[in-house]
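Let's take a walk through this fold, one strand at a time. Keep the 3D view open and turn it as you read.

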Amino acid sequence: MIMKILVSILMLIFFPFFTVFVSLLPAEQLFGIEYEVRVINGFTNNSSLPLVIWCASKDGDIGGRALQEHDDFSWPVKTNFWITTTTSQFSCTVKLDRTRKSFDAFKVPRDIYRCSALRKCSWLVMEDGFYFSDDEVNWKKDFSW
């Protein structure tokens, strides 16, 4: 009997605070934030040999493409209320001729902040390395081949 009363009191206290908390959150955070992940072939002279890309998460393959010059491969990633995704990491392997490189195209702890303004996580793959941008105007080299 006392336990039921305590539970009822706690619910009466907790429920109004929870309701106020949820009402103050932006709707997009409550229902998830969607990001666009995009990988662009930035090579200037590989018209005879495409850049091959294959991406996957722990839940399965996103797929692959053979990208000619300036082609791109993109997919949406949506977080949930807890700012995670069902899959917190999307990895890609990029191959040009015999050169191959794997990288994390989207990783929740890293990218929810650096991709937040426009919700874009863009990668430009060039001869000298992989460049990242959240606006596709300002590119910063993240790593080399």
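A residue is called buried here when its relative accessible area is under 20%, exposed when it is over 50%, and partly exposed in between. Keep in mind, too, that this is a predicted model.

With that cut-off in hand, start at R38, which lies in strand 1. Its relative accessible area is 18%, so R38 falls under the 20% limit and counts as buried. What does the side chain of R38 make a polar contact with? The partner is the side chain of E136, at 2.5 Å. E136 also turns up in the list of residues in contact with R38 once neighbours within four places in sequence are left aside; the others are D72, F73, S74, C121, S122 and W123.

Now widen the view to the strand around R38. Strand 1 covers residues 34-41, and six of its eight residues are buried, so the strand is largely enclosed by the rest of the structure. Strands of a sheet pair through backbone hydrogen bonds, either parallel or antiparallel. Strand 1 pairs with strand 4 (residues 72-78) in the antiparallel sense, over seven bridges. If you want a spot to look at there, V37 has W75 of strand 4 as its bridge partner. Strand 1 is also joined to strand 7 (residues 120-126), this time running parallel, through six bridges. Here E36 is the one to click on, with K120 of strand 7 as its bridge partner.

Those pairings belong to an open sheet of five strands in the order 4-1-7-8-9, with mixed pairing. Strand 4 and strand 9 are its edge strands, each pairing on one side only. From one strand to the next, the twist averages 25 degrees. Towards the strand 9 end, strand 8 and strand 9 pair in the antiparallel sense over three bridges, and F130 has F143 of strand 9 as its bridge partner.

There is another sheet to find. This open sheet has four strands in the order 3-2-5-6, and its pairing is antiparallel. Strand 3 (60-67) and strand 6 (99-107) are the edge strands, each pairing on one side only. Neighbouring strands in this sheet are turned by 15 degrees against each other on average, direction ignored. Inside it, strand 2 (residues 51-57) and strand 5 (residues 89-96) run antiparallel and are joined by six bridges. Which residue of strand 5 is the bridge partner of C55? That would be C92, so to speak a cysteine facing a cysteine in the bridge list.Next come the rings. A pair of aromatic rings is described by the distance of the centres and the angle of the planes. The count for this model comes to 12 aromatic pairs. One of them is formed by W75 and F90: 6.5 Å centre to centre, with 50 degrees between the planes, which makes the pair tilted. This pair links distant parts of the chain, with W75 in strand 4 and F90 in strand 5, 15 residues apart. W75 has a relative accessible area of 6% and is buried. F90 counts as buried as well, at 10% relative accessibility.

Another pair to look up is F130 with W145. Their ring centres are 5.0 Å apart and their planes are at 55 degrees, so this pair is tilted. It too links distant parts of the chain: F130 is in strand 8 (residues 129-133), W145 is in the segment after strand 9 (140-143), and 15 residues separate them. Are these two rings buried or exposed? F130 is buried, at 0% relative accessibility, whereas W145 is partly exposed, at 26%.

F130 and W145 are also part of a wider group. Ring pairs link them with F43, F103, W123, F132 and F143 into a cluster. You've already met W123, among the contacts of R38, and F143, as the bridge partner of F130. The cluster member F132 has a charged neighbour too: the charged end of R114 sits over the ring of F132, 3.7 Å from its centre.

Finish in the loop between strand 1 and strand 2, where you'll find T44. With a relative accessible area of 55%, T44 is exposed. Not counting residues up to four places away in sequence, T44 touches E69 and E127. T44 and E69 are 25 residues apart in sequence, yet their C-alpha atoms are 6.6 Å apart in space.

Key. Residues numbered from 1 in each chain as written. Predicted model: local features only at pLDDT ≥ 70, side-chain atom pairs only at ≥ 80, totals over all residues. Heavy atoms only, no water. Buried < 20%, exposed > 50% of the residue type's maximum accessible area, 1.4 Å probe, protein only. Helix = DSSP H or I, 4+ residues; strand = E, 2+ residues; numbered from the N terminus. Pairing = 2+ DSSP bridges. Axes fitted to C-alpha atoms, helices over the stretch in contact; angles between N-to-C directions. Phe/Tyr/Trp six-rings, centres within 6.5 Å; stacked < 30°, edge-to-face > 60°. Lys NZ or Arg CZ within 6 Å of the ring centre and 35° of its normal. Polar contact = N/O pair within 3.5 Å; in protein donor to acceptor, adjacent residues only side chain to side chain. Contact = heavy atoms within 4.5 Å.
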